[in-house]
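Student: I'd like to learn how to read an interface between two chains. Could you walk me through one?

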Amino acid sequence: MSDRQTKRAPTALADRQAWLGTLARAPAAALAEAWAGLNPKPGYRCVRGPETGLIMVRGRAGGTGQRFNVGEATVTRCTVALDDGLTGTSYALGRDRERALYAALFDALLQDPARRTVIERDLLDPVRGALVAKESATARKAAATRVDFFTVAREGSE
Amino acid sequence: MYVAVKGGERAIENAHRMLAETRRGDPATPELATTQLVEQLTLAVDRVMGEGSLYDRDLAALAIKQSRGDLIEAAFLLRAYRTTLARFGAAEPVDTNAMRVVRRISSTFKDVPGGQVLGPTFDYTHRLLDFSLAAAGTRPEAPVSTTPLAGKLPRIGELLEREGLIEPVVPDAGDAPVGDLTRESIDFPADRDVRLQNLARGDEGFLLALGYSTQRGYGRNHPFCGELRVGRVALEYVPEELGFAIELGDVDLTECQMINQFKGSAEQPPQFTRGYGLVFGHAERKAMAMALVDRALRAQELGETVVAPAQDQEFVLYHSDSVQATGFVEHLKLPHYVDFQSELVLVRGMRVECGQVQAEAAE
């Protein structure tokens, strides 16, 4: 374990935030498939969860003013410890526990520089690509409904 | 003498089985899948999430199926379900400025930066029944623009703020507690955070009627729909064990910024004021009604005389909740046999007394 820890490069916080955001949005099937493709699979134990609970969604009056509670959302979280000592955590909207488990496992694995490149390539990149494509398609459909005003010259005006 | 009455167990059991059969309808018709509700009755699902105060499309769809399409009953089911779960914490306030909009309109500025984006709207439809929908098999496709929308669309308020024509929005102290009516009962006068929470989960019909009443003159405040936006925002949360913010996914929201007239006061020059609405899912009518009522409830703060129902905090906040309202109204269906017996005895007694008095007067 200590061996692994010394070898581990300090993970940039922004990187981990980014992959946790991607894992939270990844389709369950993509995570399950990526896990099935791992060889060998690491041993692990669940430290907490997977468990479903609530997160209070907040807004701000006027968009930027006083905070207020809009309502709750279901969230499922999980924390795992790999046999080699790395721990992984996941939080995602919804109630899919299996998904939460896989996401936590991949969070742990991604902290291992030796594994990270492969997981980035095989799991995160395709997931990000699909998310971006879907968003872009929606944005382009919305853009097609943007109004183009034109001025009609009044009769008799110059 | 008190007599306990028991009974009705079999009748109740059979009634529930009859409910189940009735819910299913004719078995010759395919059973409704909850995914169909999620995909095709999205606005019903969104309304149930909003009034059920729980963002979970699958659960809202299940609740609608279970309630046979009774949306208030469905909201009730979600409220009951949420009490079975622990709360992990509160998310960071959503940044609606960064909303990836599917719809964004302003009825105050034609040439609003970013443009008027109509999105999937009923506006400008002719409200004629479309009989082609009665036949299955349509697969309509939306046109796709070659240029996507701008990433961040500026708020309408910002344009007026530059000239000082609208009241500024003051952010709160980041560590100030946020009122939560699911944890503490409402104290009057209620702060705006509690009022907005109450309105966000309030009954759409009730808020619509109240908002409408302000337009008709009961607490008039000359509203304009400064901006309405519908779209998706990332939900951020800081888990204690991590100590940094992570995204949990995206939620769909509808936001309405109402711009209202204000004559000014001794301290403030005439300027526009604001009402705000923010609701789960695609819920324009609700967000607009919420913004109208939010503004009306600011009457006291803005030095206006409270004369109309929509301006009356206790009236609005105590009657906006469909689950509470339906609980109290519908409890009248439960046995009140003993209550009523006592009333009956009382009225009979009064009639006898009354008859005696009349008889005496006639003598």
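Student: What area is buried between chain A and chain B, and what do carbon and sulfur atoms give?

Tutor: Keep in mind that this is a predicted model. The area buried between chain A and chain B is about 5800 Å², with 61% of that area coming from carbon and sulfur atoms.

Student: How many residues of each chain are in contact?

Tutor: On the chain A side, 51 residues are in contact with 75 residues of chain B.

Student: How many salt bridges are there between chain A and chain B?

Tutor: Here we look for a side-chain nitrogen of Lys or Arg within 4 Å of a carboxyl oxygen of Asp or Glu. The count between the two chains is nine. One pairing to look up is A:Arg25 with B:Glu247, whose closest N and O atoms are 2.7 Å apart.

Student: And how many residue pairs are in polar contact across the interface?

Tutor: The rule finds 31 such pairs between chain A and chain B, both residues being at pLDDT 80 or more. As for where chain A touches chain B, at least two residues each come from helix H2 (13-25), strands S1 (44-60), S2 (67-82) and S3 (87-93), and helix H5 (113-143) of chain A.

Student: Which element gives the most to that side of chain A?

Tutor: S1(A) does, with 11 residues. By residue class, the side of chain A that touches chain B divides into 21 nonpolar, 16 polar and 14 charged.

Student: Which strand of chain B is joined to S1(A)?

Tutor: Strand S2 of chain B, residues 87-93, is joined to S1(A) by four bridges, and the two strands run parallel. To find the pairing on screen, start at A:Met56, whose bridge partner in S2(B) is B:Ala90.

Conventions:
Residues numbered from 1 in each chain as written. Chains lettered and ligands numbered in written order. Predicted model: local features only at pLDDT ≥ 70, side-chain atom pairs only at ≥ 80, totals over all residues. Heavy atoms only, no water. Contact = heavy atoms within 4.5 Å. Buried area = accessible area lost by both parts, 1.4 Å probe. Polar contact = N/O pair within 3.5 Å; in protein donor to acceptor, adjacent residues only side chain to side chain. Nonpolar A, V, L, I, M, F, W, Y, C, P; charged D, E, K, R; others polar. Pairing = 2+ DSSP bridges.
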